[in-house]
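Student: Could you take one helix of this model and go through it closely, residue by residue where that helps, and then follow the packing outward into the rest of the chain? I would like a connected account rather than a list.

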Amino acid sequence: MTKTRRKKSVPVPLPEPMPRRVDPCVATLVDKPPKGPEWAFEVKWDGYRLAVHVEPGEVRAITRGGYDWTKKFGGIVTEARELGDATMIIDGEAVVLDDQGRSDFGLLQRAVGRRPSLHDAAEIIFFAFDLLYLDGQDLRMMPLSERRQLLGPIVSGRTGAIRFSAEVPADGEEFFRVACELGLEGIIAKRRDKPYRSGRRPEWLKIKCVRRDTFAIVGYEPSTMPGAIGRLLLAARKGDSLVYVGGCGTGWSNKESTDLRQLLDAIPADRPAVALKRKGAVFVRPMLVADIEYRAWTQDGKLRHPSFKGVREMEGATEVYEMKL
């Protein structure tokens with residue numbers, strides 16, 4: 001009599017409870033895009049990092065810092081309820097797009113703020129780029145490529161408040177060049193073969209587009225350090241006049257700060273060269289220009305994240321950055 005072998009039963013993995021919160025994976029800032037087929041590239045969105053937790057009867061929007069901002073992102077929460085019966089955690093970025101389709105952090109701040117704005121919460125879009133948990137399974141130890149394969153069918157093709165942050169099939173250097181030409185904040189590079197780990201990680205990289213232009217110095221705010229500069233007050237050309245474009249308070253050493261103040265104190269102005277009232281400000285004649293690196297412009301025409309790179313005498317008005325009329 002021949003014995004029949006019993007088939008070994010494959011153990012079914014027990015459901016894993018959904019984490020109430022996952023500390024996000026944060027990209028490391030580098031100067032250049034990496035090379036190699038193991039890297040995937042996406043647009044760097046300029047907004048609020050969110051984890052959208054979807055459970056039966058409850059959807060929560062949790063910020064990078066762990067705050068529950070469900071009420072601020074009502075449109076995203078409403079659409080998340082329409083994704084199906086799955087229980088999931090989606091990682092992504094909440095943004096507001098400008099007229100050119102670029103994410104604008106200033107517009108987003110207005111949309112979620114209490115002040116009256118031309119932009120409201122209905123314009124906020126959640127670009128989903130990772131899936132951390134799905135129907136009882138913690139996916140964080142899976143490679144990024146597999147997590148994205150599971151995320152795609154859930155959000156790909158949607159055009160409402162939740163959209164898929166698509167991978168860009170391009171060489172990193174070429175994609176970065178085009179992104180900067182289009183005025184985007186930068187790009188993100190991610191290792192396709194790596195799991196999801198919380199904290200700042202080398203398997204996620206961010207490469208930012210930096211702009212550099214020349215602006216007239218129209219004044220300064222004194223530093224708390226005696227004899228030094230706290231912030232430079234900067235202006236751009238607009239037609240035949242100068243307009244204030246914000247202050248810059250970083251990029252110099254203590255010695256450079258005191259030397260700069262001596263230069264400016266030697267050219268005081270009887271009246272401001274721009275329409276600006278600032279308590280404690282010292283206004284100067286616009287005879288010097290500053291080389292400034294910055295990331296972008298705000299909606300109200302101010303420099304975003306400016307950094308001082310040098311100063312020189314103005315040789316002509318055309319040296320100064322010109323604002324479009």
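Tutor: In helix 3 of this predicted model, the buried residues are Leu144, Arg147, Arg148, Leu151, Gly152, Ile154 and Val155. Around the axis they cover an arc of only 160°, which means that they are on the same side of helix 3. On the other side of this helix, Gln149 and Pro153 are exposed. The helix runs over residues 144-155, and its 12 residues reach 16 Å from the first C-alpha to the last, which is close to the 16 Å expected at 1.5 Å a residue. Just after helix 3 comes Gly157, whose phi is positive, at about 90°.

What the buried residues of helix 3 pack against is a set of strands: strand 2, strand 5 (88-95), strand 6 (125-134), strand 8 (162-164), strand 9 (186-191) and strand 10 (199-208). Strand 2 (39-43) can be followed back along the chain, since the loop between strand 1 and strand 2 holds Pro37. With a relative accessibility of 73%, Pro37 counts as exposed, and its C-alpha atom is separated by 9.3 Å from that of Asp171, although the two residues are 134 residues apart along the chain.

On strand 1 (residues 25-29) itself one finds Ala27, which counts as buried because its relative accessibility is 8%. Leaving out residues up to four places away in sequence, Ala27 touches Ile188, Arg200, Arg201, Trp204, Leu205 and Lys206. One of these contacts, Trp204, has a charged neighbour as well, for Lys190 lies over the face of the Trp204 ring, at 4.0 Å from the ring centre. A separation of another kind is that between Ala27 and Glu293, which are 266 residues apart along the chain and have C-alpha atoms separated by 22 Å.

Helix 5 (residues 254-265) offers a second case to set beside helix 3. Its 12 residues should span 16 Å at 1.5 Å a residue, and the end C-alpha atoms are 17 Å apart, which agrees. The buried residues in helix 5 are Ser257, Leu260, Arg261 and Leu264; these cover an arc of only 100° around the axis, so they are on the same side of helix 5. The face turned away from that buried side carries Lys255 and Gln262, both exposed. Among the elements that cover the buried residues of helix 5 are strand 11, strand 12 (229-238), strand 15 and strand 18 (307-313).

Two of those covering strands bring us to the aromatic residues. A search of the whole structure finds 11 aromatic pairs. In one of them, the rings of Tyr48 and Trp69 have centres 5.1 Å apart and planes at 80°, and the pair is therefore edge-to-face. Because Tyr48 lies in strand 3 (residues 48-55) and Trp69 in the loop between strand 4 and helix 1 (74-80), this pair ties together parts that are 21 residues apart in sequence. Trp69 is partly exposed, with a relative accessible area of 22%. Phe215 and Tyr294 also form an edge-to-face pair, at 6.0 Å centre to centre and with 70° between the planes. This second pair links distant parts of the chain, with Phe215 in strand 11 (residues 211-222) and Tyr294 in strand 15 (residues 288-294), 79 residues apart. Both Phe215 and Tyr294 are buried, and together with Trp297 and Tyr321 they form one aromatic cluster.

To return to Trp69, its ring has a charged neighbour too: Lys72 lies over the face of Trp69, at 5.1 Å from the ring centre. Strand 4 (residues 58-63), which comes before the loop that holds Trp69, is the place of Arg60. At 7% relative accessibility, Arg60 counts as buried, and a polar atom of its side chain lies 3.0 Å from the backbone oxygen of Arg20. Apart from its neighbours within four places in sequence, Arg60 is in contact with Pro19, Arg20, Ala51, Val52, His53, Glu55, Asp68 and Thr70.

Notes
Residues numbered from 1 in each chain as written. Heavy atoms only, no water. Helix = DSSP H or I, 4+ residues; strand = E, 2+ residues; numbered from the N terminus. Buried < 20%, exposed > 50% of the residue type's maximum accessible area, 1.4 Å probe, protein only. Contact = heavy atoms within 4.5 Å. Polar contact = N/O pair within 3.5 Å; in protein donor to acceptor, adjacent residues only side chain to side chain. Phe/Tyr/Trp six-rings, centres within 6.5 Å; stacked < 30°, edge-to-face > 60°. Lys NZ or Arg CZ within 6 Å of the ring centre and 35° of its normal. Expected span 1.5 Å × (residues − 1). Arc of directions from axis to C-beta.
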